[in-house]
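Biologist: I'd like to learn how to read a model like this one. Could you take me through it feature by feature?

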Amino acid sequence: RTSDRRNSQRDLKGFKQLFHRFLQVKGPSVDWAKINRPPEDSIQPYERIRSRALPEGVASSLNKLAVVKLNGGLGTSMGCKGPKSLISVRSENTFLDLTVQQIEHLNKTYNADVPLVLMNSFNTDEDTKKILQKYTHHRVKIYTFNQSRYPRINKESLLPVATSMGLTGENSEAWYPPGHGDIYASFHNSGLLEQLLAQGKEYIFVSNIDNLGATVDLHILNHLVSQPAETRCEFVMEVTDKTRADVKGGTLIEYEGKLRLLEIAQVPKAHVDEFKSVTKFKIFNTNNLWISLPAIKRLHKQNAMDLEIIVNPKTLNGGLNVIQLETAVGAAIKSFDNALGINVPRSRFLPVKTSSDLLLVMSNLYRLEAGSLTMSEKREFPTTPHVKLGSSFTKVQDFLRRFESIPDMLELDHLTVSGDVTFGKQVALKGTVIIIANHGDRIDIPAGAMLENKIVSGNLRILDH
């Protein structure tokens, strides 16, 4: 209880500092005229990093690494209760299962000791800790720490909506975890930063737990640890080429002589379309980050991490308009020495935010090996099909009910499904397939059907005889 009280006091102190800065900031935090393209050498192509042969002692490099997964989110947007990391995504494996399998495979293959660190929130901590018992006999040390808990603010009065420190009753919606930028302070305050440094860890690889492409890359790790100490890169952000589906993702710019992350929330309204342009800003942040532990300690001690505030408006269930003050982990890039962007293949960005994403990762487009998903060699194109499932598929349980088995999607380019549609077993989808059941109609795609460049609309129901 004493530690809970101490953590609450620390959280409120952090919130007051953030709120004070919020009151001082007027308008977007960047001057658009000062934005420049990053210098050529500040964003390296992954091929250049990969072209260097790995040394024989790669295990010693792995022993300098810890993997941190951002595990604060709930599965509510996909109709699930509890932590999102506990949703089954492939062959009965959850996001957390796959993460543990990946790291265990590394540790066994290279006789290494890479620990897994989970940054939980007050929403996910209890359920996550319960499930961790199942990994007791896996070859992975697992640590957890909690990010802060901040009060939501009434948009009109700018007063906290919480009436006490409790999380139940009228306070059930009064608190929130303040974004993943909180990792630096929470990691330090938890004591884990010092613990990992004492174990000889030098870098953490940070990523979202729902990004199934975010696996430990030995070439990037080797690039980091093989640099001379005086010019060693303290922060790597993995970026990838933007498509029209990624127009809202943050991008890297040069600003006042520093590499900096620019988020859409910081862009003046008059320039939002320019920010979304695929031609001007060609890359976006995957939120796969490699960060120096000694540098985090130094910057925290100097209080030198000035993260831009993201104002996130929300409407609570009762209709009250509130704001959340958040920060992004990648925004700290400007505070670190010799920061670098690496333009990685799209395969390292495989997030599962919706049931449309879930369909892709459950399909035969990917094969699962040691917890990692890789694009099937049988697919002729390296690009991922564009899939858009309608609102009838939003919740995971509805999604699963509508597929007797996941269709063959190896030759699919585009899929749009809208309305009351179900799929029988062993359906194959090729090219562009659009299936639209109008309101009141239902479409049952029969078992064994092969749809290639087809539009299906109206009412199609297959009845048992």
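Modeller: Sure. Let's begin with a term: a residue is called buried when its relative accessible area is under 20%, and exposed when that area is over 50%. Keep in mind that this is a predicted model.

Biologist: Fine. Which residues of α6 are buried?

Modeller: General idea to begin with: an α-helix has 3.6 residues a turn, so residues three or four places apart point the same way. In this case, I183, Y184, S186 and F187 are the buried residues of α6.

Biologist: And at what angle do α6 and α10 pack?

Modeller: For packing, you compare the directions of two helix axes, and angles of 65 to 115 degrees count as roughly perpendicular. Here α6 packs with helix α10, residues 293-301, at about 95°, and the axes are 10 Å apart. That's why α6 and α10 are described as roughly perpendicular to each other.

Biologist: Which residues meet there?

Modeller: From α6 you get Y184, A185, F187, H188 and N189, and from α10 L293, I296 and H300. Sorted by class, this contact has 5 nonpolar and 3 polar residues, with no charged ones.

Biologist: What does the UniProt annotation "binding site" cover?

Modeller: It covers H180, according to an unreviewed UniProt entry. Annotations of this kind may be inferred rather than shown by experiment. In the model, H180 lies in the loop between β10 (175-176) and α6 (183-190).

Biologist: How does H180 count in terms of accessibility?

Modeller: H180 counts as partly exposed, because its relative accessibility is 26%. Leaving out residues up to four places away in sequence, H180 touches L70, M119, N208, N287, T327, A328 and V329.

Biologist: Let's move to the backbone. Where does a positive phi turn up by α6?

Modeller: Look just after the helix: G191 has a positive phi of about 90°.

Biologist: Which residues have a positive phi without being glycine?

Modeller: N111 is one of them, with a phi of about 50°. N287, which is not a glycine either, has a positive phi near 65°.

Biologist: Where do N111 and N287 sit?

Modeller: N111 is in the loop between α4 (95-110) and β6 (116-120), while N287 belongs to strand β15, residues 283-292.

Biologist: Are they buried or exposed?

Modeller: N111 counts as exposed because its relative accessibility is 59%. N287 has a relative accessible area of 6%, so N287 is buried. You've met N287 already, as one of the residues that H180 touches.

Note on methods. Residues are numbered from 1 along each chain as its sequence is written. This is a predicted model: local features need pLDDT of at least 70, side-chain atom pairs count only at pLDDT 80 or more; totals for chains, interfaces and linings use all residues. Side-chain values use heavy atoms; hydrogens and water are left out. Helices (H or I, at least four residues) and strands (E, at least two) are DSSP runs, numbered from the N terminus. Buried means under 20% relative accessible area, exposed over 50%, partly exposed in between (1.4 Å probe, protein chains only). Contact means heavy atoms within 4.5 Å. Axes are lines fitted to C-alpha atoms, for helices over the stretch in contact, and angles run from 0 to 180 degrees between N-to-C directions. Angles under 35 degrees count as roughly parallel, over 145 as roughly antiparallel, 65 to 115 as roughly perpendicular and the rest as oblique. Ala, Val, Leu, Ile, Met, Phe, Trp, Tyr, Cys and Pro count as nonpolar, Asp, Glu, Lys and Arg as charged, and the others, Gly among them, as polar.
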